[in-house]
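Please have the viewer open and a selection tool ready. The stops below go from a sheet to domains, then to an interface and to helix packing.

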Amino acid sequence: MKLHMQGLSKSYHAGHPVLDVPEGTLGEYGLEGLIGPNGAGKSTMMGLLTRRIAPSTGSVTLEDGKTTHRLNPLKSHDVARLGLVKTNQRIQGFESLTIRDSLRLAATPFGQETYRGVLRDTTMDAAIETEIDAYLARFKFDDPDGFAKSGGEKKLLDILRCMILKPRMLLMDEPTAGLPDDVTQEVMKLVGEKVKAKEMTVVIVEHDLELIWKHCKYVHFLSEGAILFHGTPKDVKKNRVVAEKYMGI
Amino acid sequence: MAYLLFSLSLLLVYIGLAQMLHVQFGLLGIPNFGVVGFWGFGMYFVGVLQVQLSMSFVDAMILSSVILAAISYGLGHLILRLERQAILCATIAFSAIIALLVVTEKWATMGVVGLGTIRYPLRVFGAEEVLHFTLLLVFVIAAQLYLHRLHGSRLGRLMIAIRDNEELAASLGKDTFRVKLHAFTITATIMGILGGLSAALNQFLTPNMIVPSITFAVWISLVLGGKEHALGPMMGVFVTFGIFDIFIETYAPVSPEFAVLVPNIKLFLYGALLVAVLLYRPSGFLDKDTTPADILGGILRAIAATLGGVITALSVTAKGVETLAAKTKKDDDA
């Protein structure tokens, strides 16, 4: 799955765009990175791509092999149903749902929460339970039947909720922030497997550059609301603009 | 006996309203402060159709429900995307409009003169009240059973997720607005059906029945009972309306000179109880994890405490009487 941005911009005050991308494509290379200093517009871009934020101008299209979807008229949940999903930078969660219930919620196919279903017993679905068990065996929580306790658990749960949706394209907004190192490694391993199996394409927004260089095939550099450079990690590392604006060399 | 039956029927109506508010606010987080508007709409609409147009109860109920469902759907479309404060204001405004229309549209509602008489739907001579009570009882029990299932269902889980974090639920592909709109329409319409059932119960309708205090009574019940527990609405109505309005106001042995004070004391105790619960148990008597065993234990403890109190009071009184008697005897002897 690929995302095209065309004349995409967002400004909260006229004449001061937070993001201004005349043209850009994400998701051509399987696993891509999006880097840039604080305030560059990375999270704004993620929000625009998933229709959480409405753009001031421009359009986003999602290319899915044969069909092309215009995302502009869609709502946030429609975008997720097309297979484009984003993990959250800041900790988000359902405080009244246990870890297992939260995963069940995400795994339940769209539109199967019906009033008639209330009368039948549909909460437990063998296939869904097996899948959840597999995830919970791989990623350890203190008490999977209880609530996510630490920030790290909540962040991990956020990522697993997205994975269990089986997205075709996953945007990860600072996945390592708040995650213990070993969990980050395991998450990246899982992501790597899914990308390799061509189940999904992934774009990672991250400040941890080591992680970007290690895992990403292609990197976009965003600064002051514009994509200033993109290329392979090797090219980006060598690029003077990136060095000056971001790495402070 | 007839009065008790009326009170108990009213109690069931309140439970029904609190059950619906439980879905709206307890599960979905929609603060509907216009409960009396939906209930009053149903009550007056069914009443007017029966009295002015001589419609049968069933026809009047169906027509009223269809119209109220359409109104609720439209209202929901307008307000359910807004902030909670805005929803609160809009629903209050809705109930105010209904209350006003009931007074001004005299051609239909007879205004302040009052509208009557509305007959019971089940007309078996001598058993009408009992049958109506049974009808309400069946209605409330059915709703309660559905609520229990809802709590353990996919839909219930989604509703809770929407209450907790709507944006996150939407990002997982859930059509949150649709869920809210449908649930609001259905529950608001059922509030109207409860209103329609109340029309026959009251028999004679006057505008002063459509007052905000009904909304507040339902809200207080829900908050006291526990807004997130399936049994919360029922528990809350038993404690507020059941104990105060029915038991104390009607049956407590109060001597006539203090009888005038009872309603005021009731309001005072209502308030004190609400403050105490909000301070020490903000989630209500039943929080979302309370099990049936906890409830049973709680009731038994409450009974034990009451019995203990009564026994202590009695023994203290007896001792006092004994001492007094002994003293009197001593005085007499002296």
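How many bridges join β4(A) to strand β5 of chain A? Select residues 67–70 of chain A for β5(A) and look at β4(A) beside it: four bridges join the two, and they run antiparallel. Keep in mind throughout that this is a predicted model.

**Stop 1: the hairpin**

Stay with β4(A) and β5(A), which form a hairpin with two residues between them. Pick Gly65(A) in the turn, where phi is positive at about 65°. Then pick Thr67(A) in β5(A), which has Asp64(A) standing opposite.

**Stop 2: the sheet**

Now add the other strands. Residues 2–13 of chain A are strand β1, and residues 57–64 of chain A are strand β4. These two pair in the antiparallel sense over six bridges. To check the register here, select Lys2(A), whose bridge partner in β4(A) is Glu63(A).

Turn next to β2(A), which is joined to β1(A) by nine bridges, again with the strands running antiparallel. A pair to label is Leu8(A) and Val21(A), the latter in β2(A), which stand opposite each other.

With the four strands shown together, the order across the open sheet reads β2-β1-β4-β5 in chain A, and the pairing is antiparallel. At the edges are β2 (16–26) and β5 of chain A, each of which pairs on one side only. From one strand to the next, the twist averages 20°.

**Stop 3: the domains of chain A**

Colour chain A by domain. Domain 1 takes in 2–92 + 168–185 + 201–247, and domain 2 covers 94–147. The C-alpha centres of these two domains of chain A are 29 Å apart.

**Stop 4: where chain B touches chain A**

Show both chains. On the chain B side, 22 residues are in contact with 30 residues of chain A. Select α6 (128–151), α7 (154–164) and α8 (166–171) of chain B: these are the elements giving two or more residues to the side that touches chain A. α7(B) gives the most, with seven residues. Coloured by class, this side of chain B has nine nonpolar, six polar and seven charged residues.

**Stop 5: α2 and α3 of chain B**

Hide chain A and select residues 35–52 (α2) and 57–79 (α3) of chain B, whose axes come within 9 Å and cross at roughly 140°. Because of that angle, α2(B) is oblique to α3(B). The crossing in which α2(B) passes α3(B) is right-handed.

For the contact, display side chains on α2(B), including Phe38(B), Phe41(B) and Phe45(B), and on α3(B), including Phe57(B), Met61(B) and Ile67(B). The residues of this contact divide into 11 nonpolar, three polar and no charged.

**Stop 6: α1 and α10 of chain B**

Finish with residues 2–27 (α1) and 212–225 (α10) of chain B, where the axes come within 9 Å and cross at roughly 65°. That angle is why α1(B) counts as roughly perpendicular to α10(B). Here too, α1(B) passes α10(B) in a right-handed crossing.

Which residues meet in α1(B) and α10(B)? In α1(B), select Tyr14(B), Leu17(B), Ala18(B), Leu21(B), His22(B), Phe25(B) and Gly26(B); in α10(B), select Ala217(B), Val218(B), Ser221(B) and Leu222(B). By class, the residues of this contact are eight nonpolar, three polar and no charged.

How values were computed. Residues are numbered from 1 along each chain as its sequence is written. Chains are lettered from A and ligands numbered from 1 in the order in which they are written. This is a predicted model: local features need pLDDT of at least 70, side-chain atom pairs count only at pLDDT 80 or more; totals for chains, interfaces and linings use all residues. Two strands pair if DSSP finds at least two bridges between them. Domain bounds come from an automatic or database domain assignment. Two residues are in contact if their C-beta atoms, placed from the backbone, lie within 7 Å. Ala, Val, Leu, Ile, Met, Phe, Trp, Tyr, Cys and Pro count as nonpolar, Asp, Glu, Lys and Arg as charged, and the others, Gly among them, as polar. Axes are lines fitted to C-alpha atoms, for helices over the stretch in contact, and angles run from 0 to 180 degrees between N-to-C directions. Angles under 35 degrees count as roughly parallel, over 145 as roughly antiparallel, 65 to 115 as roughly perpendicular and the rest as oblique. A crossing is left-handed if the near helix is turned anticlockwise from the far one by less than a right angle, and right-handed if clockwise.
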